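Here are my notes for you on this one, in the order I'd go through them. Have the picture open while you read.

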Amino acid sequence: MKDSRLNILVVDEDTSNISYFTLTALGQVSDICIHVITTGIRKWDPLKYSRYISSYRTVKRESDDDFLNVIRYHAKATDSNIIMPVTERTMKLFSTKQDELKDISKIPAIASIHVLNQVTSKWGLYNWLKDNGFPASRCVLGNGDTDKLMQSISSMNFPVLKKPIYGSAGTGIVKLNSSGDVFHYLNNARIKDWNQVIFQEYVTGSDIDISALCLNGDVLNYTIQRGLQSDKLRFSTAIEFVEDENLLALSRAIFRKLNYSGIAHLDFRFSKDNGQYYLVDFNARFWSSILGSLEAGINFPLEYIKTAL
């Protein structure tokens, strides 16, 4: 008898454990068979030993076209009905190669490559928010002229955060509390490319995030989480799930303006000074607290693959 389960081929290029959390959530569905191909970035991968995974293969990614051939081979070998990305890098590949991928199998909803490139850059996101009338915490782009950069940053409200343009989980963030801190940092930092960092005014307040699945700008599913405690300037280590109509309305407006499709996790800061929400990071991927979203009632990976059917 032919297996009636839905076969999902997951393309994994994750450097953290987000894929593990994502597929643990998807694995709660009994009539889904999960196959994984991974570029093997992690030295020890818990996915390899997960009871929710039917097959696990390590593959190479040498070029986009070669990688598409690898995906094609494994989709056929596993008789996969749907091919699912997890990380931003793979989301961008799927967005760029949608036509080729749809010839292989079905793929879930995904934003245009222009939108993905815009929002996953912190500098690009800041400029888009500012240009479209959304609240934006002031930013300055790094440059090699440290005198001019010092002058620009000194005119900002302190504290100021130095951030890499690309990155997640608070990696590479440095808090500068005064002009003296900035002067010391600029004269001692070993940064190869100053155009890959920004300096952003710190929003005094609290973390609040929204996780969402969208289709053509409409929010299909969402959960909102408030940070209760954090690991310094990194991610929240304790959260609670809440309803917040003001944050939801702002997020809907952002997604609608972008005409966004796909999965996303938006990091906001709520300002205790003016009661405003500031979007500081747009993650066009799954997220580490996805099992919390599952407990809150939304199985995002399951809802995501439904957009392919």
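1. A term to start with: two strands count as a pair here if DSSP finds at least two bridges between them. Keep in mind too that this is a predicted model.

2. Now the sheet itself. Four strands make up an open sheet, and reading across you get S5-S8-S6-S7, with antiparallel pairing. Why does one side of S5 and one side of S7 lack a neighbour in the sheet? S5 (139-141) and S7 (174-176) are the edge strands and have a single partner strand each, so one side of each stays free of a neighbour. Going from one strand to the next, the twist averages 25 degrees.

3. Have a look at the pairing of S6 (residues 160-164) with S8 (residues 197-201). These two strands run antiparallel and are joined by five bridges. If you'd like a landmark, find Lys162, which stands opposite Phe199 in S8. As a general reminder, strands of a sheet pair through backbone hydrogen bonds, and they can do so in parallel or antiparallel fashion.

4. Next, the helices on this sheet. H7 (residues 146-154) packs on the sheet and touches S5, S6 and S8. The direction of H7 makes about 175 degrees with that of S5. H8 (residues 179-188) packs on the sheet as well, where H8 touches S6, S7 and S8. Between the directions of H8 and S7 the angle is about 135 degrees.

5. On to the holes inside. How many cavities of 30 Å³ or more are there? The count is two. The largest cavity has a volume of about 40 Å³, and the second largest holds about 30 Å³ of space.

6. Let's see who lines the largest cavity. Its lining consists of Lys122, Leu125, Tyr126, Leu129, Ser137, Gln200, Leu279 and Val280. Which element gives the largest share of that lining? That would be H6, with four residues. Helix H6 (122-131) and strand S13 (277-283) each contribute at least two residues. Sorted by class, the lining has five nonpolar residues, two polar ones and one charged.

7. Last, the second largest cavity. Around it you'll find Met91, Ala109, Ile110, Ala111, Leu116, Tyr260, Ser261, Gly262, Ile263 and Tyr304. Eight of these lining residues are nonpolar and two are polar, while none is charged.

Note on methods
Residues are numbered from 1 along each chain as its sequence is written. This is a predicted model: local features need pLDDT of at least 70, side-chain atom pairs count only at pLDDT 80 or more; totals for chains, interfaces and linings use all residues. Side-chain values use heavy atoms; hydrogens and water are left out. On a 1 Å grid over the protein atoms alone, a cavity is a set of points where a 1.4 Å probe fits but cannot get out, and a pocket is an open set with protein on both sides within 12 Å along at least five of seven lines; lining residues have an atom within 4 Å of a point. Grid points are joined across faces, edges and corners, and a volume is the space filled by probe spheres set on the points. Ala, Val, Leu, Ile, Met, Phe, Trp, Tyr, Cys and Pro count as nonpolar, Asp, Glu, Lys and Arg as charged, and the others, Gly among them, as polar. Axes are lines fitted to C-alpha atoms, for helices over the stretch in contact, and angles run from 0 to 180 degrees between N-to-C directions. Contact means heavy atoms within 4.5 Å.
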